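Grab a pencil and work through these exercises with the model open beside you. Each task comes with a stepwise solution.

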Amino acid sequence: MRRILFFLPLAIVAFLGGVFLWGLQDGRDPGSIPSALINKPAPAFELSAIDGVGTPGFAQSDLASLEELSLVNVFASWCAPCRAEHPLLTRLAEEEGIPLFGLNYKDKADAAAAWLEELGNPYQRIGHDLSGRVGIEWGVTGVPETFIIAPGGTILYREAGPVVGDGMKRLQKALADLREDYP
Amino acid sequence: MIPELGQFAIALALIAACVQSVLPMLGAARGNLVWMRAGTATSVVQALLIAFAFGVLMRSYIVSDFTVLNVVQNSNSLKPMIYKIAGTWGNHEGSLLLWVLILALFGAAVALFGGNIPNGLKARTLSVQAWISVGFLSFMIFTSNPFERVFPPPMDGNDLNPLLQDIGLAIHPPLLYIGYVGFSIVFSFAVAALIEGRVDPAWARWVRPWTLAAWVALTGGIALGSWWAYYELGWGGWWFWDPVENVSFMPWLLGTALLHSAIVTEKRDTFKSWTILLAILTFSLSLLGTFIVRSGLLTSVHAFAVDPERGLYILGLLGLSIGGSLTLFAVRAPAMEGGGLFAPISREAGLLINNLLLATATATVLFGTLYPLFLEAMTNEKISVGPPFFNASFIPVTLPLIIVMAIGPFLSWKRADLAGVLSRMKLLLALVVLATLAVWYFTTGGPVLAVVSMGIAFWLIGATAMEWARRVKLFKADAWSRIRRQPRASHGMTLAHIGIGVVMMGVIGSSAWKEEVVAFAEPGTQVQVAGFDLTFEGISEERGPNYLAQVATIKVERAGAQITTLYPERRTYPVARSTTTESDIRQTLAGDLYLSIAEPAAEGSEGKWVLRALYEPLVNFLWIGSALLVCGGLLSLSDRRLRVGAPRKTRAPVAATPAE
């Protein structure tokens with residue numbers, strides 16, 4: 001019995017080692033906070049279009065009336081990672097044939113218009129959230145963020161941060177998984 | 001060319017470490033004295049080579065050699081010279097180089113100054129030390145080369161994180177590392193003893209000075225880090241229970257336990273397997289710290305640029321060293337007990353309680369630090385564990401520890417007379433109760449626990465001083481000569497124990513009776529805090545070497561009389577694109593008036609500033625107490641008995657006056 005006691009430290013350390021190994025797995029980000037809105041309907045909002053941009057405004061009813069999966073992307077012209085993810089997001093929306101909506105977060109209208117002019121506009125609708133109030137409703141912790149929305153307007157998934165590299169992989173995997181539930 | 005020489009030196013050091021990890025160990029097994037002594041030479045060579053490499057990296061920083069990637073990422077030609085130098089260890093690769101440098105220096109120190117250690121033990125210790133070296137040198141060479149070049153070289157570097165451009169933080173990592181890594185040599189001693197299968201009082205006596213040296217450095221390092229957080233981060237807090245603070249605090253707690261249990265092993269030839277276990281675990285916790293900071297396992301304000309591959313490599317090293325040593329422990333340690341028996345009330349028992357409580361405190365901190373990870377692994381839920389948990393679990397363990405700590409030094413070895421001791425302390429107890437009541441009377445608000453804790457701090461300081469006065473017979477003739485004749489280690493203990501009491505007073509004062517006011521300020525705004533009247537007079541722009549500063553002028557008055565003017569700053573570093581807070585503090589022994597400013601985030605408040613004014617009573621006691629701890633440790637380290645060899649194989653005589 002007493003001899004077994006001497007193995008106790010080793011056993012504890014082995015357990016800790018296992019947890020650490022789990023903790024180092026690919027793609028785990030200890031800083032990410034899960035969205036509280038997963039599997040909940042998108043919050044009610046109605047945003048006007050950006051002045052000087054032809055794309056119409058964006059409201060909850062647009063999501064509720066949809067019959068397929070869609071993406072909502074929170075972006076701003078002042079956000080450098082948004083610039084990095086923009087071409088990839090554009091291509092993803094085209095390749096997957098998935099509607100992409102934009103939430104233009106705390107951005108000046110002319111700056112946002114110039115940004116879309118320069119990089120292209122893949123969004124079906126864009127809401128101009130100048131005050132950031134709608135962003136708060138959506139639980140946005142930083143820009144950019146991308147949500148996957150179910151037909152009928154339920155939030156299924158959130159990717160915080162730019163969808164490049166690992167972020168893109170996670171988003172694509174989530175989309176592929178959700179496609180099985182929502183063909 | 002020169003950076004390549006540094007890289008070459010590292011590779012050579014790895015070869016030296018490989019030789020050292022095998023040859024002396026084999027020599028000790030076969031009784032080959034020449035092979036055993038080879039360890040001395042390789043230790044010195046290794047230390048010189050790594051020191052050379054470190055010098056090379058530092059040179060790259062000093063001359064701003066932007067062909068070296070590490071310099072590009074962490075330095076800038078406009079940065080003041082001292083921070084160029086400090087930049088050498090302000091990043092993952094450079095700090096790792098410092099890590100192995102200290103590791104090698106400790107090995108070389110044992111090789112050169114450990115003349116009184118038996119050849120076999122010394123050879124094995126150096127070999128074990130070299131195993132750690134091999135692990136970390138190869139880690140550096142294969143995953144984190146500090147001498148990597150860039151082509152074409154950029155015009156200028158990205159600058160060091162401005163928060164780190166601070167004198168406190170320039171010294172903090174080296175000190176902390178000396179502490180962390182210093183425990184490696186104690187670990188090596190422990191593993192060598194397990195391999196030899198023998199632990200005796202002489203072993204404990206050789207190990208103690210190294211433990212003490214590492215402990216002193218770690219104490220200083222933690223205190224400096226805390227001090228930096230206090231004046232630089234602008235929140236007025238000095239400890240946040242952040243995972244990375246905790247991983248430096250855990251080796252300190254367990255190292256403190258080790259320091260005390262080694263005394264029992266030395267004086268009474270008992271607690272052997274426990275001391276060995278503590279030696280292994282203390283360094284294991286240091287390694288855990290290295291792992292957590294560099295792997296991105298937990299979120300923390302301190303983390304280096306992280307990379308899962310590095311994390312895996314360090315985890316492998318951890319598994320090998322900790323798993324290996326604990327396996328060895330499980331096999332060898334059961335045969336090691338024996339030695340002096342003791343009564344339930346005795347100095348041994350007191351030190352046992354000390355060890356159990358310190359180990360419990362360590363386990364609490366470890367649990368709180370890793371709990372978010374456990375929970376995420378089991379339920380995929382994410383939480384963070386903050387000060388409420390640590391305060392609720394740590395304080396109940398420490399308060400009894402402090403109470404016992406006051407009594408411990410009065411107890412004699414083997415069997416003590418607790419009733420007699422306590423009856424001698426009656427007067428002290430009465431004084432402490434009076435002082436506590438006075439504290440209660442003069443303070444307003446704050447929890448009752450704070451008043452009680454303050455009483456416990458008085459109790460510790462009073463009892464420690466009383467024990468010292470009794471020991472040196474302070475009030476009899478020739479007290480001075482008795483003070484000089486007493487071993488310095490015992491004075492060191494008194495100083496360090498008083499230091500703990502003083503730190504405790506600082507902790508209590510600055511957390512229980514802190515006053516804080518946050519206001520939107522514009523020129524003319526007046527704010528009151530803790531009896532001070534503050535007037536915000538305005539903001540002026542100033543220019544530093546690599547930053548722009550907005551300096552607020554705040555007039556401080558009390559009862560209508562001008563006291564001082566404080567100038568908190570907000571600095572913007574254009575190259576690193578970030579800002580820092582430079583608080584301005586009026587320091588007095590009674591408490592600090594602490595001011596910092598920030599730009600308000602809300603819209604429609606242009607021209608206004610967020611002024612944070614804090615009054616932190618007794619906060620300077622933290623730094624004074626820490627200084628006492630360090631001084632106590634150094635005084636004890638200068639004790640002659642720790643430097644001259646202990647007579648081997650004989651039980652250390654029980655002194656007439658207990659020394660520790």
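**Exercise 1.** Work out in what order the strands of the open sheet in chain A lie, and which strands stand at its edges.

*Solution.* Step 1: the 6 strands go S1-S8-S7-S4-S5-S6 (chain A), with mixed pairing; strands are DSSP runs (E, at least two residues; helices are H or I, at least four), numbered from the N terminus, and two strands pair if DSSP finds at least two bridges between them.
Step 2: S1 (40-41) and S6 (125-129) of chain A each have a single partner strand, so they are the edges, with one side of each lacking a neighbour in the sheet.
Step 3: S1(A) runs antiparallel to S8 (residues 154-160) of chain A, joined by 2 bridges, and Lys40(A) sits opposite Ile155(A).

This is a predicted model: local features need pLDDT of at least 70 and side-chain atom pairs 80 or more, while totals for chains, interfaces and linings use all residues. Residues are numbered from 1 along each chain as its sequence is written, with chains lettered from A and ligands numbered from 1 in the order written.

**Exercise 2.** Check the length of helix H6 (residues 119-143) of chain B against its expected span.

*Solution.* Step 1: the expected span is 1.5 Å times one less than the number of residues, so the 25 residues should cover 36 Å.
Step 2: the end C-alpha atoms of H6(B) are 36 Å apart, which agrees.
Step 3: 18 of the 25 residues are buried, so H6(B) is largely enclosed by the rest of the structure; buried means 20 or more other C-beta atoms, placed from the backbone, within 10 Å of a residue's own.

Note on methods: Buried ≥ 20, exposed ≤ 12 C-beta atoms within 10 Å, placed from the backbone.
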